[in-house]
Amino acid sequence: MSFRVSFMNNQKQQKPTLTGQRFKTRKRDEKERFDPTQFQESIVQGLNQTGTDLEAVAKFLDASGAKLDYRRYAETLFDILVAGGMLAPGGTLSDDMTRTEFCLFTAQEDLETMQAYAQVFNKLIRRYKYLEKGFEEEIKKLLLFLKGFTESERNKLAMLTGILLANGNISASILNSLFNENLVKEGVSAAFAVKLFKSWINEKDINSVAASLRKVGMDNRLMELFPANKRSCEHFSKYFTDAGLKELSDFARNQQSIGARKELQKELQEQMSRGDPQKEIIAFTKEEMKKASLSEQAMIGIIWTSVMSSVEWNKKEELVTEQAIKHLKQYSPLLKAFTSQGLSELSLLLKIQEYCYDNIHFMKAFQKIVVLLYKADVLSEEAILKWYTEAHLAKGKSVFLEQMKKFVEWLKNAEEESESDEEEAD
């Protein structure tokens, strides 16, 4: 008897320990239960019942999130919605799993249907915010699997991806998957990109597309859609223009031009810092200008930036003007070589105004720089008078016009005197 009492007392005391053990068992069971089969069956059954009614699909997915573990089985969920079942590596459907005929890949291949599917995903992610990251990862994965899909399936996925990008449901960084060597080599990436950009631009416009690409540093990488031997602006432009995407071709060409200008500016800056002879710098610049099909107005802007970036400026305002005059006097032959047109002179004046406004120590140096360049035959009186009367920028306008007032009056008087002398001679 005493043994039984003692045993029962021990049992009572051990209750907390038993509870702890039960908790451990539950945790172990949870790990064992990581099996998407049942989850897949529930989703497939629901999709089979809702069929092609995408409003009903959206409602079913909304309600199921409360009962099913979307967080754990996000990849399975998205695989089913896109392909009808779980995808094996490479993009084929897993044989041993239940699947549905009601999914993106079996839907009609038109923009309206893809917009309706985009709404299904949009509602689902808005309702269950934690799916956002998993959805982006899914799209990246699907793009890597493109070779495993049929042409029609790729087209639908491309249209959907374009719409999702336009709606801001996913980031343009997903395009990184398209730069996969195997996809690029076989032309899959470029063909997919055509459909994707068409639907993206159709939803928004090229400016919105450009902003999204710039945000993630994709704006300068579009050439990577082609193999290395075809990675030229000409090939890109022809391919996308022929496909009806001239806007994208122009954007890429412009990006290429910006890149080329930055490289040229950097190279000129280095040549000046090394102290290369100006004759050589001028010859090099003219050659590069021809190669890049740059106008003289564009070129003078690049040269001005290079000249002003090739020296370490004094931090004291009273000393920086003197330093600037000395430096610009040295490079006036270079500036003169690229201001043979009135428009180029005006472009240079606007660059000087902008520079003096943006760099506070140069605010008082503007007039002295202009006078120096006038004396060095870089700027003509016509260009200066046109800038003064109508062509100046708003930046620091009152300060710079005030600085130039006396010099402009002197120019006008000189012009009048010259005209009266000519009349007397006649």
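**Exercise 1. Characterise the salt bridge between Lys141 and Glu75 in this predicted model.**

Step 1. Lys141 forms a salt bridge with Glu75, and the closest N and O atoms lie 2.9 Å apart. The cut-off for such a pair is 4 Å.

Step 2. Locate the partners. Lys141 sits in helix H7 (residues 131-144) and Glu75 in helix H5, 66 residues apart, so the pair links distant parts of the chain.

Step 3. Assign exposure. Lys141 has 15% relative accessibility and therefore counts as buried, the limit being under 20%. Glu75 is partly exposed, with a relative accessible area of 47%.

Step 4. Extend the pair. Glu75, Asp79, Glu138 and Lys141 are linked in a network of salt bridges.

**Exercise 2. Set the salt bridge of Glu55 with Lys123 beside that of Lys291 with Glu288.**

Step 1. The closest N and O atoms are 3.4 Å apart for Glu55 and Lys123, and 3.2 Å apart for Lys291 and Glu288. A search of the whole structure finds 18 salt bridges.

Step 2. Glu55 belongs to helix H4 (residues 54-64) and Lys123 to helix H6 (residues 111-127), 68 residues apart, and this pair links distant parts of the chain. Lys291 and Glu288 are both in helix H14 (residues 278-291); because they are three residues apart, about one helical turn separates them.

Step 3. Glu55, at 47% relative accessibility, is partly exposed, as is Lys123 at 35%. Lys291 counts as exposed at 60%, while Glu288 counts as partly exposed at 22%.

**Exercise 3. Describe how helices H3 and H5 pack, and place Thr76 in that contact.**

Step 1. The axes of H3 (residues 36-50) and H5 (residues 74-83) come within 10 Å and cross at roughly 35°. The crossing is right-handed.

Step 2. H3 contributes Pro36, Phe39, Gln40, Ile43, Val44 and Leu47; H5 contributes Thr76, Leu77, Ile80 and Leu81. By class, the contact has eight nonpolar, two polar and no charged residues.

Step 3. Thr76 is buried, with a relative accessible area of 7%. Leaving aside residues up to four places away in sequence, Thr76 touches Pro36, Phe39, Gln40 and Met86.

**Exercise 4. Identify the largest nonpolar core and the residues with the most contacts inside it.**

Step 1. The largest nonpolar core has 78 residues, and Phe197 and Leu213 have the most contacts inside it. Helix H10 (residues 188-203) gives the most to this core, with nine residues.

Step 2. Phe197 touches Leu175, Val209, Leu213, Leu222, Leu245 and Leu248, not counting residues up to four places away in sequence.

Step 3. Apart from this core lies another, of 51 residues, including Leu334, Leu348, Leu373 and Leu385.

Key. Residues numbered from 1 in each chain as written. Predicted model: local features only at pLDDT ≥ 70, side-chain atom pairs only at ≥ 80, totals over all residues. Heavy atoms only, no water. Axes fitted to C-alpha atoms, helices over the stretch in contact; angles between N-to-C directions. Helix = DSSP H or I, 4+ residues; strand = E, 2+ residues; numbered from the N terminus. Left-handed = near helix turned anticlockwise from the far one by under 90°. Contact = heavy atoms within 4.5 Å. Nonpolar A, V, L, I, M, F, W, Y, C, P; charged D, E, K, R; others polar. Core = buried A, V, L, I, M, F, W, Y, C linked by side-chain atoms within 4.5 Å. Buried < 20%, exposed > 50% of the residue type's maximum accessible area, 1.4 Å probe, protein only. Salt bridge = Lys/Arg side-chain N within 4 Å of Asp/Glu carboxyl O.
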